[in-house]
Structure formats: structure tokens, C-alpha cells
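Subject: Structure handover

Hello,

Here is the structure I said I would pass on. My notes on it follow below.

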Amino acid sequence: MADELDEIRSRISIVDLVGQVVRLKRSGKNWTGLCPFHSDKRPSFSVSDQSGYYRCYSCGESGSIFDWVMKTQNLTFGEAVKVLADQAGVVLSKQAKPEQKEVKLGRLAAMESALKFFQAELARSNAAREYCKNRGLGDEVIATWEIGYAPDVSDAMARHLLKTGLRLEECKDLFLVDQASDGSYYDKFRGRLMFPIRDERGSLVAFGGRLLGDGHPKYINSGDTPLYRKSRVLYGLNIAKNALRNDAPVVLCEGYLDVIACHQAGVTTAVASLGTAATELQAQLIKRYTNRAVILYDSDPAGEKAAQRASEVFGAEGLQVKVSLMPKGEDPDTLLRTAGPDAVKMAAEKGIHPVEFKLIQIQQRHHPADEAFWREAIEALTLCKNDLELRTYSQKLAPQVPDLKDPAEAARWLRSQATLALKAKKRQETPETPEVKGRPVIGMKSVEADLFRAYLQPQFRKIIHPILAEQDLFLTLNATDLARAILAKFGDTYPSVEGPILIAHLEDSGVAKLLADLEMTTTSRITHEWVQESISLLRSRKEDRDRNRIRLEGTGDERLDEINKRLRRKHEDSES
């Protein structure tokens, strides 16, 4: 049952769930709106996908997706689980009726049967095999990516599924067939090269199909089904995830053939966003494996616009993003065939900062003498993550500023304008929040609180988890209790689950609510460097406490000397 609850949590975004009832607006990395539990005139209600919790800072209501359904629909916990399981397409084994188990088995059988059908049809189709040959898809590639073919016959798949004893009603829900007005069934995919879509765990959840020739639409992808939500799946991640273990950057492409081309060229961390704009959920999925991303989209206007959007979405989720400038008229697939694997590798490696990418796009649209150029350029500067980036790009733009011949003065003007624009943007994004009794009291020092906020993000846990066991490291009782609860639950092995699942696993220890509140009371972005500095600060303060205690006790000269020597070594190392 616990695994099924985790699966429900991983499939359902609390922002999407609450957003069905409450009109939410982005505020930093969380979402805000008017609280539905009391007469709220100011947006005092906050929702976090990172923690999987909602909280009202006015009336104090808070909880998870299960609490939300219980309170808004007046249901018991068991009833809420059933509602959410149905929405997530999860069949609960302990509570499932025989017919529910049959439905689950039928879904799995239908997907596997469809895959075998497509693979068999590829072997039979001369046209499809010739197409693969022309696209550089050899037998090994076809086998690795399980590529198949949907024949251009209206009901070939439907007849195949019927012969294998599957229910077409269920297959319709899986986007394999559809139903005509006369009640007959026809295939959703016809005359297309077929690409199986597996989630990060390797489960077959959907298909994508590409026409062999010209026509519209060129691609058809499965819609959302009981097995599949396209907003949280990345094509190829089940294969690429092993190459991401050493914090290599994920390479985000636009389509199936681009991903396959990258892997053929040796860029084995490539994935694709499945015909949809990059989403926050996909960024959070990537952060389980790496903290870096390269956007490798087509060089046409649509691709450049999508790349800019993807870089902003991923950057907002704390990923370190670069955008690659593909050669004009090329994508990874065509580049591999025309210029070879080294050209694809070079394209994936030469990414530039998103601010620089956006400034290049602005320069292609406007002249520096135009007001629009500077309006958009200043907006681009607000995307800088720190003062160093702002200074760097302000200095690059400074020589082009009209009427200001001194580059230093022009750079200062640009920084001031960007700072004002950023403040105005934050005022628009951040609602007024009343000072109310519902605001959580964290009871930790800021360095402790931010370290546990970082722990909610899987890419930082490998660094943080071992230090939780260090004796007397933390400064407050709440931080000490939280560290002990995590160690008691997970032991020496850090958990690799998403934030909402991590918090849920700590509910029995009584610290889950504290961890959720930590996540919801910050808008700061965290980096690996910051985590390391915070750990060093906590250790330094611990040594200061040890030294003061030894002095007060008047004993332990050897121990005091040892601490002083270590502090001197650290000081010398920092200066060298």
C-alpha cells in the first residue's frame, strides 16, 4: 500500500489538483491564491510542488493531496486515496476488486501487445525499413529504441488486439484505438514509424508516431492516459539516466529522432520533452539525476522561442542551464547525417548562458537605436541570477547604449534599470500576505533551515545526508530532531525519492509538517557551492562552541590545541 501511495504522489501534482478549485498564480517557486477554507480577500494560500503541501497563512489550514481531497470533498482517508488513485491511474492492490485487477492487467497487456504488433509490422514493411535506412536507423538502433511501424490500415491494430483477447474499451483509454459513431473501432496510429515511450522506471506508458512521408500532423503522440502524463515524462530518460549519475548535463531535444541521433553520436544524456513545452515537473524529474541542462532545440524561430521558454522554466527550478546555438537549418538528426557525430557533440557542448542567448535573439529583431531593443534587453538582464552575471552582461551591452559614451556609466545605468525592473516584477508576482497567526514558526537558524530545504532536492542529498549524523553539529533542537528522524527512517543510505514522497515517509516521526513548512517559506535558489559553504559554516560554529566549552571548563588543553591547529589550517588553505 505504501508503494501505491508513493506512486499516486509521484503522478499527481498538488498544484494541478488544487488549481482545479483555486485560481493560482506563480509566486517565486511556489503558487498562491485565495484560500478556499475561509473568506480570504488577500492571497494568503500557498501551494508547493516541491513539498507536495498547501498552507494558508491566515487560517492555518495545511496538508497534502490526500488532505486536500478529504477536506474539500468531505471524505475519509481511504475514500480520498481511492479518488486520487482513479485520477492517477493506480489500481490499489489491497482494495482492488477482481474487475479492477483485471483492468490493470488489461492495460499492461494491451501496451505490450501493441509494441509487439508495431515491431512485427516494421519487419514486414519494405517502405518502413527503407525509411529507417535513409534516416540512419540500423538494426542495433531499432532494437535499442524498440522502434516499430503502424501500417496504413484503418483497423489493423484493433483487429490484432481483439484476436489477443483484449477489450477495445480499455485500449481506447490507452490511446491505441478510437471509436467511430457507428460503434466500430479504428487505429489511432496509421502509416507511422512508432516510438515506444517509457517512463524513468522503464515502464511502457505511451507511443509516438511519425509519418513516413509528408503530411499533417507529422507527429501524433499519446494523450494523457491512466498510465501516462506527458507533462512529467521525458523520452529517453530510462536510457539516459545511467549516464547522468556523475552530474553530467542532461541534453534536452525536441523529438524522438533528435534524441536517438544524439545517442548515436555519443551524447548519451539526451532526452526529449514529447511534443509539449518543457514543464516544471520535467525539470523536477531531471533534478533527481543532475543539476545541469543544455537546451538543444532546432535553429528555426519556433525552436529558438521554445528554447528560451525551456531555459526559463528549468532555471526557475534551480537547474544550471545553457542553450545551444544549432547551425542554421539544422537539428541533431540532420546534423548527424550531414556533418557526423563530432558536430553533434560540439553542438551539445557549446551552450551559452540563457541571458546571452536572449540578447542574441533581441539583436536579431531590433536595432540598438530602437526603444524596443533596450526595453527587451533590460528585461533579459532581470534573468541574471547574481550580481556577477548582471555586471558581465551590462558591460557587454554598455558600448551600444545611445547618448552614454562612457562604458562604465552606461553599465551602471543598465544595472540600475535592471534592478528597478526586477523589483517591479517581484511586486507583481508576490501577493501581499497579511501578518497572521497561521504563519509557521520554524525554530531554526537560517543556515540549518536552508540546508534542510536543500535536502528536499534529490541532487543535494548525497552531500547532506552523511553530515546529519555528525554529533552536535546543529544549533537548534528542531534541526537536531529533524536530522535524527531522517536517519532513523532511512539509515546510512540517502533516499532518492521526490520531495513530497520524502516528506510523506516522515509523517510517523512528527517532523513532516516542519519539513514542508521549511520548503514553503523560502524563495531562494540553492547551488552545490552554497550547500558546501553551509556545511563548512556549521562545522566551524561547532568547533567554536567546543573551544568555548573547553575554555570554560578550564581543562582539555590538548583538545583546544587540536581545534586551533585545524582552524589555522583551514585559514591557510582558504588563502592559498
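I start with a four-stranded sheet. This is a predicted model, and in it four strands make an open, antiparallel sheet whose order is 6-9-10-11. Strand 6 and strand 11 (219-221) are the edges; each has a single partner strand, so one side of each has no neighbour in the sheet. On average, and with direction ignored, neighbouring strands here are turned by 30° against each other.

Inside this sheet, strand 9 (residues 192-198) and strand 10 (residues 204-211) are joined by seven bridges in the antiparallel sense. Met194 has Gly209 of strand 10 opposite it. Helix 11 (residues 256-264) packs on the sheet and touches strand 9, strand 10 and strand 11. The direction of helix 11 makes about 70° with that of strand 9.

The other sheet to look at has five strands, again open and antiparallel, in the order 1-2-3-4-5. Its edge strands are strand 1 (25-27) and strand 5 (62-63), each of which pairs on one side only. Two helices pack on this sheet. Helix 3 (residues 65-73) touches strand 3, strand 4 (53-56) and strand 5, and its direction is at about 55° to that of strand 4. Helix 24 (residues 512-520) touches strand 2, strand 3, strand 4 and strand 5, with its direction at about 75° to that of strand 4.

Some residue-level detail for the same region. Strand 1 and strand 2 are antiparallel and paired over three bridges. They form a hairpin with two residues between them, and Gly28 in the turn has a positive phi of about 70°. Lys25 is opposite Thr32 in strand 2, and Thr32 in turn is opposite Ser46 in strand 3. Strand 2 (residues 30-33) is also antiparallel to strand 3 (residues 45-48), with three bridges between them. The bridge partner of Trp31 in strand 3 is Val47.

What is the angle between helix 16 and helix 17? Helix 16 (residues 354-365) and helix 17 (residues 371-381) pack at about 170°, their axes 9 Å apart. The cut-off for roughly antiparallel is an angle over 145 degrees, and the two helices are therefore roughly antiparallel to each other. On the helix 16 side the contact is made by Val355, Lys358, Leu359, Ile362, Gln363 and Arg365. They meet Phe373, Glu376, Ala377, Glu379 and Ala380 in helix 17.

For the chain as a whole, there are 26 helices and 15 strands. Of the 576 residues, 51% are buried. Taking contacts between residues at least 6 apart in sequence, 65% join residues at least 24 apart. The chain exposes about 27900 Å², of which carbon and sulfur atoms supply 49%.

Finally, confidence. The average pLDDT of the chain is 84, and 88% of the residues score at least 70. Confidence is highest in strand 6 (residues 148-150), at 97, and lowest in helix 26 (residues 557-575), where the mean is 55. Over residues 430-439 pLDDT stays under 50, and the model has 21 contacts beyond four places in sequence for that stretch. Where pLDDT is low, predicted coordinates should not be read in detail.

Regards

Terms used:
Residues numbered from 1 in each chain as written. Predicted model: local features only at pLDDT ≥ 70, side-chain atom pairs only at ≥ 80, totals over all residues. Heavy atoms only, no water. Pairing = 2+ DSSP bridges. Contact = heavy atoms within 4.5 Å. Axes fitted to C-alpha atoms, helices over the stretch in contact; angles between N-to-C directions. Buried < 20%, exposed > 50% of the residue type's maximum accessible area, 1.4 Å probe, protein only. Areas by Shrake-Rupley, 256 points an atom, 1.4 Å probe, with all protein chains shown as cover. pLDDT = per-residue confidence, 0-100. Parallel < 35°, antiparallel > 145°, perpendicular 65-115°, else oblique.
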